[in-house]
Amino acid sequence: MQIGELARQTGCEVETIRYYEREGLLPAPARSASGYRSYEPQHVEQLNFIRHCRSLGMSLADIRQLADYHRHPAPEPCDRVNALIDDQIRRVHSQIETLQQLERQLQALRDRCHSPHTLADCGILKTLEDASSGEPCVCHPTATDKKIAG
């Protein structure tokens, strides 16, 4: 099958498929006499494996490692696979904490403007303007503010 068909079967963009090939995540296919890439069913499976890992937020380096383990299974415990997934779980927890902090910051900013005002009197715009001038803001409290609040 040609690259367009592989893209259709997997829901992956053609340029992304080429990128995965360049990165060594997807093995280069054979070429037809006319120079077109000729993909096999195992390319569909490998690309689906990569896309599934990406849907879980995994880095290309982690996917490369998992794909290597998958292609070359050894008769040893899967501790390295577990450790890789544990690391990903820690990264996700960190991202959640970061997003929760961002939500608190945005809520503090949103709380600056509850009733209808003109743009000239908007508390959100005023806070953003003050912060751009170096004034403290409710969405980025200083270390001192955090100690007082905590």
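The sulfur of Cys137 lies 3.5 Å from the closest cysteine sulfur, which belongs to Cys139, and this is too far for a bond. The structure described here is a predicted model, and everything below should be read with that in mind. Seen from the other side, the sulfur of Cys139 has its closest cysteine sulfur in Cys137, again at 3.5 Å and again too far for a bond. A disulfide is a covalent bond between the sulfur atoms of two cysteines. For a pair to count as a disulfide, the two sulfur atoms have to be within 2.5 Å, and the structure holds zero disulfides. Cys137 is buried, with a relative accessibility of 11%, and Cys139 is buried as well, at 8% relative accessibility.

## Salt bridges

How many salt bridges does a search of the whole structure find? The search finds eight, and three of these pairs, those of Glu23, Asp62 and Asp87, are set out in the table below.

| Acidic residue | Basic residue | N to O distance |
|---|---|---|
| Glu23 | Arg64 | 3.5 Å |
| Asp62 | Arg91 | 2.6 Å |
| Asp87 | Arg90 | 2.4 Å |

The salt bridge between Glu23 and Arg64, whose closest N and O atoms are 3.5 Å apart, links distant parts of the chain, since Glu23 sits in the loop between α2 (14–22) and β1 (30–31) while Arg64 belongs to helix α4 (residues 60–71), 41 residues apart. Both partners are partly exposed: Glu23 has a relative accessible area of 33%, and Arg64 has one of 31%.

The side chains of Asp62 and Arg91 also meet in a salt bridge, at 2.6 Å from N to O, and this pair again links distant parts of the chain, with Asp62 in helix α4 and Arg91 in helix α5 (residues 79–110), 29 residues apart. Here the two partners fall into separate accessibility classes, for Asp62 is buried with a relative accessible area of 15%, whereas Arg91 is partly exposed at 36% relative accessibility.

The salt bridge of Asp87 with Arg90, at 2.4 Å from N to O, stays within one element, because both residues lie in helix α5, three residues apart, or about one turn of the helix. Asp87 is partly exposed at 33% relative accessibility, while Arg90, at 52%, counts as exposed.

## How helices pack

Two packed helices are described by the angle between their axes and the distance between the axes. For α4 and α5, the angle is about 155 degrees and the axes are 11 Å apart, and the two helices are therefore roughly antiparallel to each other. In this arrangement α4 passes α5 in a left-handed crossing. The contact is made by Asp62, Gln65, Leu66 and Tyr69 on the α4 side and by Arg80, Val81, Leu84, Gln88 and Arg91 on the α5 side. Asp62 and Arg91, which take part in this helix contact, are also the partners of the 2.6 Å salt bridge.

A second packed pair is formed by helix α1 (residues 3–10) and α3, whose axes are 10 Å apart and meet at an angle of about 50 degrees. That angle makes α1 oblique to α3, and α1 passes α3 in a right-handed crossing. From α1, the residues Leu6, Gln9 and Thr10 meet His43, Val44, Leu47, Asn48 and Arg51 of α3.

## Two buried residues, His43 and Ile17

His43, one of the α3 residues that meet α1, is found in a helix that spans residues 41–55. Is His43 buried or exposed? At 5% relative accessibility, His43 counts as buried. Leaving aside residues up to four places away in sequence, His43 touches Leu6, Leu26, Pro27, Ala28 and Pro29.

Ile17 has its place in helix α2 and is buried, with 0% relative accessibility. Which residues does Ile17 touch, not counting residues up to four places away in sequence? They are Ile3, Leu6, Ala7, Cys12, Leu26, Tyr39 and Leu47. With Ala7, which is ten residues apart from Ile17 along the chain, the separation between the C-alpha atoms is 7.5 Å. Leu6 and Leu26 are touched by Ile17 and also by His43, and Leu6 further appears among the α1 residues that meet α3.

Notes
Residues numbered from 1 in each chain as written. Predicted model: local features only at pLDDT ≥ 70, side-chain atom pairs only at ≥ 80, totals over all residues. Heavy atoms only, no water. Salt bridge = Lys/Arg side-chain N within 4 Å of Asp/Glu carboxyl O. Helix = DSSP H or I, 4+ residues; strand = E, 2+ residues; numbered from the N terminus. Buried < 20%, exposed > 50% of the residue type's maximum accessible area, 1.4 Å probe, protein only. Contact = heavy atoms within 4.5 Å. Axes fitted to C-alpha atoms, helices over the stretch in contact; angles between N-to-C directions. Parallel < 35°, antiparallel > 145°, perpendicular 65-115°, else oblique. Left-handed = near helix turned anticlockwise from the far one by under 90°.
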